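Here are three short exercises to work through with a structure in front of you. Take your time, and try each task before reading its solution.

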Amino acid sequence: MTDTAPQRRMKRPPTILDVAAHAGVSRGTVSRVLQGGHNVSPASQEAVHAAIRKLGYVVNRAARSLVTQRAGSVAFLLSEPQERFFEDPNFTTLLRGCTTALAEHDLPLILITAGTEAERRRIAPFLSAHHVDGVLLVSSHRGNPMIGHLRQANLPFVCCGKPLGERDAVSYVAANDREGARAMVRYLLESGRKRVATIAGPRDTPGGLERLDGYREMLAEHGIAHDKRLVAVGDYSRASGEACMEQLLTSAPDIDAVFVASDLMADGALAAIERAGLRVPDDIAVGGFDDSPVATAARPPLTTIRQPWNRISEMMVRQLLAQIDGEGPATVILPTELVVRESA
């Protein structure tokens, strides 16, 4: 028997016109609300948002991009080797914070790694074609080639950390590395430590330079002469922290404290100290920098300098969106905080 009943029509998704009719406003008002709410009264904004929730309206990003000439997305560009992303929890913490901040603006975040020349060649056409509206650039090694490329592509970008060697204005958000280092070294000295060594970060990064400068300044203020045997330089990896600590124990076996320029390197230093048969903090106090998840997982838990990762993420996103809207470059330096735990 043939079914002659009319086929049930599929329910079509709501459109911007449906939202306008439900909210009692014009289509243009709905469009302005979706683009940020400029020149729209609070009452109309609330009516539009209520209609969107009621109808289950979803923005057609392809259609919006044709009108606004924007891609409707932002890139999180990590110019470090891919393995660093999985080893260093600071990167995932920053990624999570930026994703959360952008979600408030209904903007998705695209993760891109560009730690090698081959990767940079592959992503260059993508960025030049403005498939994203802007870039959150993570890693500030001196001479980072991505800065020049982003400028050439006329693509808004904000750096995490102060970029070194740049003559033109660059937007960046950073923690106060120098003051953070000074606070840690002051704490170690005022706790009664006499021979404070340091494991610095790479010399081509702002954290590597500023934290080392803060260490030296605080020693000088306490009348302690600089001793190059007390300085080792790592690359922010756990393995380099372990190797640097072994170097320090050989060159200056009488050290009783070490300030390490990252928690990950400090965790490596703890392993080297334990292997040498020494105790933390009884024989050697250890201070880190970042207050990453590594700090609380370490044994003993690390005394460290807290970087305000949530604020850094929020300010990077805020600056980038301002640039996308036509504002110029800006810089923000945020305060750090000493966090005392069992290692010092």
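The exercises below use a predicted model.

**Exercise 1. Find out which parts of the protein line the second largest pocket.**

Step 1: Start with the space itself, which is about 490 Å³.
Step 2: Look at the lining, made of 30 residues; Phe 91, Cys 160, Arg 211, Tyr 236 and Trp 309 lie nearest the pocket's centre.
Step 3: Sort the lining residues by character, and you get 13 nonpolar, nine polar and eight charged.
Step 4: Trace the elements: helix 6, strand 5, helix 10 and helix 14 each give at least two residues to the lining.
Step 5: Turn to the domains, and you will see that domain 2 and domain 3 each contribute at least three residues.

**Exercise 2. Decide whether helix 12 is mostly covered or uncovered.**

Step 1: Locate helix 12 at residues 263-275.
Step 2: Check its span: 19 Å from first C-alpha to last, close to the expected 18 Å.
Step 3: Count the buried residues, using under 20% relative accessible area as the cut-off. Of the 13 residues in helix 12, 11 are buried, including Asp 263, Leu 264 and Ile 273.
Step 4: Helix 12 is therefore mostly covered.
Step 5: Just past this helix, notice Gly 277, with a positive phi of about 80°.

**Exercise 3. Explain why Cys 160 is in no disulfide.**

Step 1: Recall that the two sulfur atoms must be within 2.5 Å.
Step 2: The closest cysteine sulfur to that of Cys 160 belongs to Cys 98 and is 7.7 Å away, so the gap is too far for a bond.
Step 3: Compare the whole structure, where a search finds zero disulfides.

Key. Residues numbered from 1 in each chain as written. Predicted model: local features only at pLDDT ≥ 70, side-chain atom pairs only at ≥ 80, totals over all residues. Heavy atoms only, no water. 1 Å grid on protein atoms, 1.4 Å probe; cavity = no way out; pocket = protein on both sides within 12 Å on 5 of 7 lines; lining within 4 Å. Points joined across faces, edges and corners; volume = space filled by probe spheres on them. Helix = DSSP H or I, 4+ residues; strand = E, 2+ residues; numbered from the N terminus. Nonpolar A, V, L, I, M, F, W, Y, C, P; charged D, E, K, R; others polar. Domains from an automatic or database assignment. Expected span 1.5 Å × (residues − 1). Buried < 20%, exposed > 50% of the residue type's maximum accessible area, 1.4 Å probe, protein only.
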